[in-house]
Each structure stands twice: as C-alpha cells, then as structure tokens.
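User: Hi! Could you walk me through this one? I'd like to start with confidence and then look at some packing.

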Amino acid sequence: MWNKGAAEFNVGSWLLWLISAMLGALLTRNPFYLLLVTVAGLLVKSGFNSSAGQRGAPGGTVSNEDPTRRGFGLFMRAVLLLLLVVTLFKGLSIHIGQTALFTLPEQIPVIGGPVTLEGLSFAAIDALSIMAVLAVFAAFSTWADYYALLRSTPAALHQAGLITSIAITFVPQTVVRFAEIREAQALRGHRVRRISDLIPLIVPLLSGGMERSMNLAEAMEARGFSRRSMDSHRIAPVAVQAGLALGLGLALTGGALFALLPSAPWAAWLCITAGILSIVLTMWVVGRESKRSRYRRGVWRERDTVLSLVSLGIMAILITYKLIAPATLLYDPLARLRIYMPPFNPLLGIALLAIAAPPFIRMGWPGQNRQKKSEAAKEVEGYTR
Amino acid sequence: MKASRIVASIRDVTYRYPGTEHPALRDFTLDVEDGEFLLVTGISGAGKSTLLRLFNGLVPHFYGGELSGAITVDGRDPVAEGPGEMSDTVGLVFQDPEAQFAADIVEDEIAFALENAGVPLPTMRKRVEEALHALSIEGLRNRRASTLSGGERQRVAIAAALVLQPKIVILDEPTSQLDPQSAEDVLDALVKLNKDLGLTIILSEHRLERVVQHADRMLYMAQDAPPIVGAPAEVLSKVPLAPPLAQVGKLLGWKPLPLTIKEARRFVELSAFDVGPGAVEGNKGLEAESKVSPQRTISLRDVWFGYGGREVLHGLNLEIRAGEITALMGRNGAGKTSMLKLMLGLLKPGRGQINTLGAITKWASLDEIARLVGYVPQQPDLLLFADSVQGEIDFTRRAHGLAPDGAELLASLGLLKYRAADPRDLSVGERQRVALAAVLAGNSRAVLLDEPTRGLDYLQKEALVASLRALGAEGKLVLLATHDVELAAQLADRVVLLGDGEVIADGPARDVMSDSLIFSSQISKLFRNPALITVEDVERAINR
C-alpha cells in the first residue's frame, strides 16, 4: 500500500497546479485553448484511476461506490444542466452579428429577433470557459486532500480550518441523503407541486443533519477537541480582539483614503499595509499560544518538485502572452461582428496541454515513498506493545 | 471475582436531562473493576447511553441538566474536569460509524485526539502506529473514511479512542449498524484488546447473542427497577431480555444458563429432549407457483444490473409471492439493496424484466409503482416529518387521494396511544413502526422493508414481528432485506439467500436455515433440526 490515498501530491504543489490550470481557464477566451484546458482537467480527474483501483478494500466487503463522489457527481450534473439552459438563453438573446441564422418572432420578450451565429458562438465560448473552470475544479477536488489543505492554515485559524473541513464533508453526505429522502417519499406518493410540498423533504433532511452534527460534536468532544489547556491563552481575548479590530480598521481606512485623497495614494497604501501587518501579528501571537500540535507535516516528494516546476512554467507562458500579445488568447466574434478562424499558438497549446501532467508525473514516480515507509514501520515496531 | 482494583465508581447518581421531568438515572451505583469486560444491556430508554456518558463527563457537560452523586474514574472526577480533560482516561466509541469522523484520512482521524492534546510529533507517530497495530488496521492507514465499510470504520473509531492510551474504552452499541460478519470483526478486536492489554471495556449492546459470551460481567438496566449486575449467565436467568439460546435454556431448565452453542450442546446431548420430523406445525405452506397471478407477485426474469463498472446482479430469476413473508438475506454488497430498488423501479435493470405486481418497472412511472408497493427505508427518519403520528398517516393518504383515516391501522400496529405524539419523541422501535404505518396508509398490496431491525432491542423486535406477521396473514406481499438471522427465523416463510449477485439458496425458511452454517439462527445451530429454528418451536415441542 504505497499510494497515499487522496494525497497523491503535496498540498503546496497541488495548489500551484490549481492556480496554473485556473489561469489557463480564466485568461483565455478561445475555443481551442478552452477545449484543451477542459480536456486536460478531465484527464487529470480520471487519470489517477489506475492507481485508485488499488485502494479497493482487500476484504472485498467495501462497496465500490463512494457516496462522497456520488454526491459530487450529482452536484456537477445539476450545474451542467443549468449551464446548458443559461447558454441557450444567452445565445438566443444576443442579436448582434452579420450571420443571421433565423429570426424568432419579435413578440417574444428578450429572445425575439434575429438569432446570429456570432451571438451563439459567443454564448458557447462563455459556456466553454465555465466548463473549463468546472473541469479544473473537479480535478482539483477529486484528488485534493481537503483536510490537509485546511490544516495547513496558520495555527490561529486552525479551529476555523478544521470546522470548515468538517463542513465540506457534510455537503456530499447531505446530497446523498436528500436523494434517499426524495426516493422514499416519492414511493409514498409524494409529489412536489407547490413550495409547501418541500416540507416532507426538508424536515427529514434538516433533522438528520442536526442529529449527525450533534453526534459528531459529541465524538469530537470526547476526544478532547475543546480541552481547557487550549483556551488558557496567556494573552487576554480582549487584546486579540483589539489587535484584529485595529488591523481591519486600518485596512478599511486605507480603502477609503483612495477616494478621499486621490492625490496621495501612498497614504492609502501605508494604511492598508499597517492594517494587514497588525492582523498578521495578532494571528502570529495567537498561533504561538496554541498548544495543539500537528500530525502530518506534508511530505514533499520529487514528483511535487516536478509538478511545481511544470505549473510555474505554464503560469509564466500564460502571463507572458497576456502581457505582450493578449489578442492571441482571445476569440471575440461579437467585437468584430463576424465569424473568423480562432487564432492558435502552438507554444500556448503545449503549455495548456501540460495541465494534464499530474497523472503522468505520478506514474513516472511510483515507488518513491515505499522505502521510507517501510523504514518508518520498522522503527515503530520496536515500540509496539 | 476477588478483590480486584476498582477503576471507576458511580455513587448514588441521579441525573435529569434539561427540560424533562423524570430522571434518566436514579440513585445509581456501580463499580467497574480494572481490566473487566462489562456488558451493559436493558430495554431502550433505561438510561444506558446516559450511564456510558457519565464516565467521561459528556453528561452533564455536553447535555446540561441536573446531576447529584459522586463519580470517580481512575481517581479523577469527570464532572469537575469535563470530557476534554478526561479524554486521556476514557475513550468513547459511538453507535453511528459515519457520524464520528472528524478527518478524511484514517491516519489523521486517529491522530485527532493527539493533536488536541498537543502531543509532540515523534510521540504522535509512535502512538498512531501502535493504535493501528492494536486493531490490525495498518492496511487502512491512507484510506479515505468514505471508502471504508461499517466494520472498518468502527475499528478505526476504536483506534482513535485508544490512541491517548486510556484506562477505559466505552462503546455505545458499536455493532448495532453492522452486518454479522463486521460485528464479529469489531468484537474480536475488542476481546483481543481486553485480553492482551488488560484494557477495561464497557460496552452496551442489544443483540446479546453476539457479545454475551465475551463479557466478564453484565449490567441490566430497567426503567423503574434497580439495575442487576453479575455474571452473564446469572443475570440472563433473571431478566426478560435474553438471546434465543438463553431463552431455550430457561425453558428447559438448563443450569447454569449456556452462553454459547458449545455449552448448550452438552445439555442437548444429556437431555432426552427430542422432536421427530412430524413436529413441524402450521407448516407455513408455500403457495403453488402456478396459481399465483402476476398481480400478486414480484417477478424477476433474467435480470442483469451493474453500476460503476461493477456487476451487481447477473441473470437473476426470482418470484416473490403475496401471502408469504420472504426474507432476502446475504452479506453486505451481495446486492440486497440493489434488488429492492430494482423492484421499486428506482433502478432499472440493464437486461431482463421485472414485473412488480403487474407493473413492468422498466416502463412504469414511479407514481404507478407507488400505488402498488410501499417501501420502508433502512432509516425510518427519512420518511418522518410531520409533528404527529396521525399527520404522517394523513399525508400518505392525501398523496394517494384517500380519505383521512388510520385509527384501525394505528391500533393494529400498537401505536394508537401515540396518535398525537411527535414521532421525534418516540423510540427507534416506535419510529420504525410509525414509518411502517405511514407506508401502509397508502393501502398498497405489498411492502418492502430494508433492514428493519437496525438498532431495535428484543421487545421492539417482537412488536415489529407481530405487525409484519399480521400483514402477511392479510395476504399482503411482505419482503424484507435483512442481516438479522433471528428475525428471519422468527418471521419468514421463505428465505432467499443472495451471494455475489446470484441466488444461492431459495426455499422454506426452515430448510434454508437448517442447511446453512452462517445464515442460521442460534436455535437452528443448536438442534440442527428443521422443526426447531426458533424459541417458539421449542416451546411448542415441549407443550405437545
């Protein structure tokens, strides 16, 4: 069992990948590039599957279906459906362009009028760019270790990060539970026709969620989540609040100064910097007081270095083009009022294709951690009771 | 037991939850010996969960309420210190394997308590490793919680409770949500910890047949009577809740009461108790296949089904008939739930055809099927939303276009006195029956139940059995998917055994049970006689 389950990559390198892929999806508005990003995202999402198979239970009693994933899948399907409707509507409601395909009766509000190829393709590119973002995000979340991610927050935010990580695991469970309730109530003859018909679905969902939260809170309490030693900071809570309030106040004042004193932007910047410093300092002091310790320092493997370099490369190329030749990244039939061939730059194409790198990098470095692991195991065996 | 060291003591404790009139515990006194395995049992609502939460201060710290009396655990006072501080003395494992995970990855989950205690990293690594080792779950360390089976989750939860090296580990019905095999895995792990490390274990459980042989002592709690503590055999002889084996022992006057099949077999060999094959009474005769019309059957013809690239059912042929109660049994993942959902039209077969009381599920709308069949899900709480039991009934009847009614139905399920009660205030067993009533109110001709006895005690189970029997006698089609062999033995006319998507055995309950080693009731294992598979059978044989 050498593979790291969800944590195929270190949180840091995985975040870098996310940023580079997101840049690819957000900086470009060109069907070729967006398609490349989408495909790369989907490849990454499913790309680890060869190794995921090995995570199956040896006993064979585990159901292969992971409810978390199923919940996420349902959510994605809903988003895609919504996207399709919105895109169609948008495409029909833009009446600009030379190539009119057909005309809808003028009496219909908003969408009535000539429907142009330019309008439709504009809407399609919009949809494609949202798809690209979704594909990247889906890939990221499929393999991100949220828990590790949230736990890499500064110590002062540890509590907040932990609670958020728990909240996130609740979302897919809730989706699955909702589907179960809907099925069970439908078989009882229930149909949703009015808003009030939602009550038989919402009440069991909420009461179940409440019960679950209570159980979890109790389980966490029993394992010392709110131990008294945690709260006995030497610094008074008032001091912490004062520090944060001062910082926020300064930052907001800085924002206001931009408008009030447009002639002296340095004053505004000074204020904002001081505010941020004050917040960071307060957090640092609070963090130092925290008696909690952390279990897993992230393991940084060779493949993380490779992924980081690849991600930085992608970012560099994208940003360079954005600065020197932004037109290559775009395709805008509406602005030119006519359909034309979208530009394609091979270097950019390669850079965007590199977004699909993670599974290949991962395959190239399989047994990296195996040796270390077995050494660690040997070491602890000596202590075992 | 000799003068062994007392690790925890409760003296004259009375506790009342906030906003309630009756105390959950009254003048309760108990000593727990160091290194013992104490089994806590009793009818639902007798205060078992409350008692278990006293040891680490969750009661009263988490719940509030009024408490009097004294509690000492390993020389500490949980009421003064609170659950957080007590976490290194008392580890607690809860009932629901899904709702006690704070982390996503197994290793992180186990380290959670250590992080809270601020244990430095090198020590943490060692402790996590030990905990994994103690439960033999090293192989799971990098798995996501959502990919674990119930039994694996519970073992991880035990490891997570063990990691601070507590003196006592307390488990609140840890196996009530598990199938027999997973439950056994968890219990074996506990017994090993108890024997190898001398860990004190306090465990509450409804299904006594699973645990009673492992316990050193047993505590029985009743609502308005003083608790009984003692050796398991002794306590079992005095209380109404007992596993089938002990019930038969009591009937036949066996002393000391046997706790395992092995012990009981000696009595069988010694006694002259024997019944011939003619003793099968009221032989729940199965209707001849040809006579039953498709309106009264659910039939599967060459059904194939799979999802996620995995074949769940392959080429299944089966006919479930009205007028008999059928139990669908098999291990987790054998395809029981998929099969129910296929019959209900919630899933569609990849190949083959399912005819549910005359409706072909492939084409029939959910509305159409809902008029024919009722479905009670594993968790009754998925259905319940109204603020009264009557409200639940009215809702179903309205949905089916029927006039409000239901007094008779509630009476037949023993729920009439709760008519105006809020379902959420009722016990699990009662809620299960309210869900059944809510489903039956639609006048469906069939009812399908998924694992109906999860978390029910013996008395609640009796009540459910009576209700379902009445339905079968009315000529309704009753099908239950269950792990519970004792339930199947008591209730089912016919048992269908699924294994890896195929029907392995199908026939009268008596024949299938007496022929199987695993899917067999305690009594059946003891006598190995198709005429004797339940306590009732034995009773009848004696009276004959």
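User: Which elements of chain B have the lowest and the highest mean pLDDT?

Analyst: This is a predicted model. Among the elements of chain B, helix H15 (residues 407–412) has the lowest mean pLDDT, 87, and strand E7 (residues 200–204) the highest, 96.

User: And what is the mean pLDDT of chain B?

Analyst: Chain B has a mean of 88, with 95% of its residues at 70 or more. Over residues 281–290 of chain B, though, pLDDT stays under 50. For the complex, the predictor gives an ipTM of 0.86 and a pTM of 0.76.

User: Good to know. In what order do the six strands of that open sheet in chain B come?

Analyst: The order is E15-E16-E17-E12-E18-E19 in chain B, with mixed pairing. E15 (373–376) and E19 (502–508) of chain B each have a single partner strand, so one side of each lacks a neighbour in the sheet. From one strand to the next, the twist averages 15°.

User: How many bridges join E15(B) to E16?

Analyst: Four, and the two strands run parallel. Val376(B) sits opposite Leu449(B) of E16(B). Helix H16 (residues 428–440) of chain B packs on the sheet there, touching E15 and E16 of chain B.

User: Switching to chain A: at what angle do H12 and H15 cross?

Analyst: Roughly 155°, with their axes coming within 10 Å. H12(A) and H15(A) are therefore roughly antiparallel, and the crossing is right-handed.

User: Which residues of H12(A) make the contact?

Analyst: Arg303(A), Val306(A), Leu307(A) and Val310(A), meeting Ala357(A), Pro358(A), Ile361(A) and Arg362(A) of H15(A). By class, that contact has six nonpolar, no polar and two charged residues.

Technical notes. Residues are numbered from 1 along each chain as its sequence is written. Chains are lettered from A and ligands numbered from 1 in the order in which they are written. This is a predicted model: local features need pLDDT of at least 70, side-chain atom pairs count only at pLDDT 80 or more; totals for chains, interfaces and linings use all residues. Axes are lines fitted to C-alpha atoms, for helices over the stretch in contact, and angles run from 0 to 180 degrees between N-to-C directions. Angles under 35 degrees count as roughly parallel, over 145 as roughly antiparallel, 65 to 115 as roughly perpendicular and the rest as oblique. A crossing is left-handed if the near helix is turned anticlockwise from the far one by less than a right angle, and right-handed if clockwise. Two residues are in contact if their C-beta atoms, placed from the backbone, lie within 7 Å. Ala, Val, Leu, Ile, Met, Phe, Trp, Tyr, Cys and Pro count as nonpolar, Asp, Glu, Lys and Arg as charged, and the others, Gly among them, as polar. pLDDT is the predictor's confidence in each residue, from 0 to 100. Two strands pair if DSSP finds at least two bridges between them.
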